[in-house]
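Trainee: Could you take one part of this model and walk me through it closely? I'd like to start from a single strand residue and then see what else is worth a look.

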Amino acid sequence: MREGSVARFYDELADAYDRLYADWDAGVRRQGAALDALIGRDGSEVLDCACGIGTQAIGLALRGHHVTGTDLSGRAAARAGREAARRGVRLRTAAADMRRLPFPDGRFDVVVCADNALPHLLTEADVGAALAEMRRVLRPGGLLLASTRPYDELLRDRPAATPPQLHGSAGDTGRSVVFQVWHWHDDGERYDLELFRLTRGGAGGEEDWRVRVHRATYWALRREHLAGLAARAGFRDPVWRMPRQTGFFQPLLTARAPGAS
């Protein structure tokens with residue numbers, strides 16, 4: 001992983017990340033509810049180690065959990081704290097690399113690493129280091145919740161792009177069109193992503209659009225491969241749960257730290 005490029009990708013998106021959603025607040029509530037149901041207990045100490053602007057972290061805080069959010073992008077993590085405060089919940093945030101978490105052993109009941117964050121790590125060594133850190137900061141029997149894109153299915157076709165999504169209504173100066181272009185590497189597993197974000201200018205007419213392009217690289221990790229890396233890092237009982245089971249928008253890997261459940 002090129003640490004600086006990933007941080008820059010999310011730093012540049014921090015002010016506009018919510019506009020990638022048709023309704024970000026609804027997404028916050030929906031994802032928080034789905035993760036809360038998997039946690040299955042009230043008032044857990046939760047670490048979201050790739051919190052971004054707080055989509056999952058705020059959703060869980062609204063459900064009564066005690067949430068700490070870290071992210072490689074300090075700008076995104078800072079916005080997560082502000083967005084939580086606006087909604088009347090507490091969210092402690094900091095900039096941190098998930099491979100080097102700044103917490104003592106056994107600090108949390110739950111670690112969340114959602115929204116395809118792990119595949120920014122491009123080698124087994126880096127993914128393993130991150131998973132080992134997540135296990136280290138979990139209490140005995142603590143729960144890991146990690147989500148990725150449905151790569152088993154995507155690897156069958158290796159798509160070159162995603163369909164464009166239009167957000168906002170006619171006349172809205174915040175109206176945007178978002179789509180992605182994927183450039184697959186020769187290994188057939190890693191790909192460079194270009195996220196195109198077209199936004200309507202505030203002063204002009206409908207034709208007055210501005211274009212921003214954000215670039216990152218991902219590893220399309222198959223589910224069996226990632227579950228095996230979690231087991232190698234010391235997690236017990238890694239199981240994949242699909243969106244139709246959980247109501248979460250991506251496949252979720254659940255696993256437990258060793259020790260009492």
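Mentor: Let's start with T254, which sits in strand β11, residues 252–256. Keep in mind that this is a predicted model. T254 has a relative accessible area of 6%, so it counts as buried. Its side chain still has a polar partner: there's a polar contact with the side chain of R241, at 3.1 Å. If you skip the neighbours within four places in sequence, T254 is in contact with L143, L144 and L145, and also with D237, P238, V239 and R241. So which residue turns up both as a polar partner and in that contact list? That's R241, whose side chain makes the polar contact with that of T254 and which is in the contact list too.

Now step along to M242, in the loop between β10 (236–241) and α8 (243–246). M242 is at 15% relative accessibility, and because the cut-off for buried is under 20%, M242 counts as buried. Leaving out residues up to four places away in sequence, M242 touches R223 and P251. There's also a pairing to check in your viewer: M242 and S147 are 95 residues apart in sequence, yet their C-alpha atoms are 9.8 Å apart in space.

On to the open space. The largest pocket has a volume of about 800 Å³. Its lining is made up of 28 residues, and those nearest the pocket's centre are D115, R149, Q165, Q180 and F249. Which elements give two or more residues to that lining? They are α1, α2 (24–39), β6 (165–167), β7 (176–184) and β8 (190–200). β7 gives the most, with 4 residues. By class, the pocket lining splits into 17 nonpolar, 7 polar and 4 charged residues.

Then there's the enclosed space. The structure has 2 cavities of 30 Å³ or more, and the largest cavity has a volume of about 340 Å³. That cavity is lined by 25 residues, with Y10, A50, G52, D71 and A117 nearest its centre. At least two lining residues come from each of α1 (3–13) and α3 (55–62), and α1 has the largest share, 3 residues. So α1 is on both lists: it supplies residues to the largest cavity as well as to the largest pocket. The cavity lining divides into 17 nonpolar, 5 polar and 3 charged residues.

Last stop, the cysteines. How many disulfides does a search of the whole structure find? It finds 0. C49 is in no disulfide, and the nearest cysteine sulfur, that of C113, is 4.0 Å away. The cut-off for a disulfide is a pair of cysteine sulfur atoms within 2.5 Å, so a sulfur at that distance doesn't qualify. C49 is at 1% relative accessibility, so it counts as buried. C51 is in no disulfide either; the nearest cysteine sulfur is that of C49, at 9.1 Å. C51 also counts as buried, because its relative accessibility is 2%.

Note on methods: Residues are numbered from 1 along each chain as its sequence is written. This is a predicted model: local features need pLDDT of at least 70, side-chain atom pairs count only at pLDDT 80 or more; totals for chains, interfaces and linings use all residues. Side-chain values use heavy atoms; hydrogens and water are left out. Buried means under 20% relative accessible area, exposed over 50%, partly exposed in between (1.4 Å probe, protein chains only). On a 1 Å grid over the protein atoms alone, a cavity is a set of points where a 1.4 Å probe fits but cannot get out, and a pocket is an open set with protein on both sides within 12 Å along at least five of seven lines; lining residues have an atom within 4 Å of a point. Grid points are joined across faces, edges and corners, and a volume is the space filled by probe spheres set on the points. Ala, Val, Leu, Ile, Met, Phe, Trp, Tyr, Cys and Pro count as nonpolar, Asp, Glu, Lys and Arg as charged, and the others, Gly among them, as polar. A polar contact is a pair of N or O atoms within 3.5 Å; within protein, one must be able to donate a hydrogen and the other to accept it, and residues adjacent in sequence count only if both atoms are side-chain atoms. Contact means heavy atoms within 4.5 Å.
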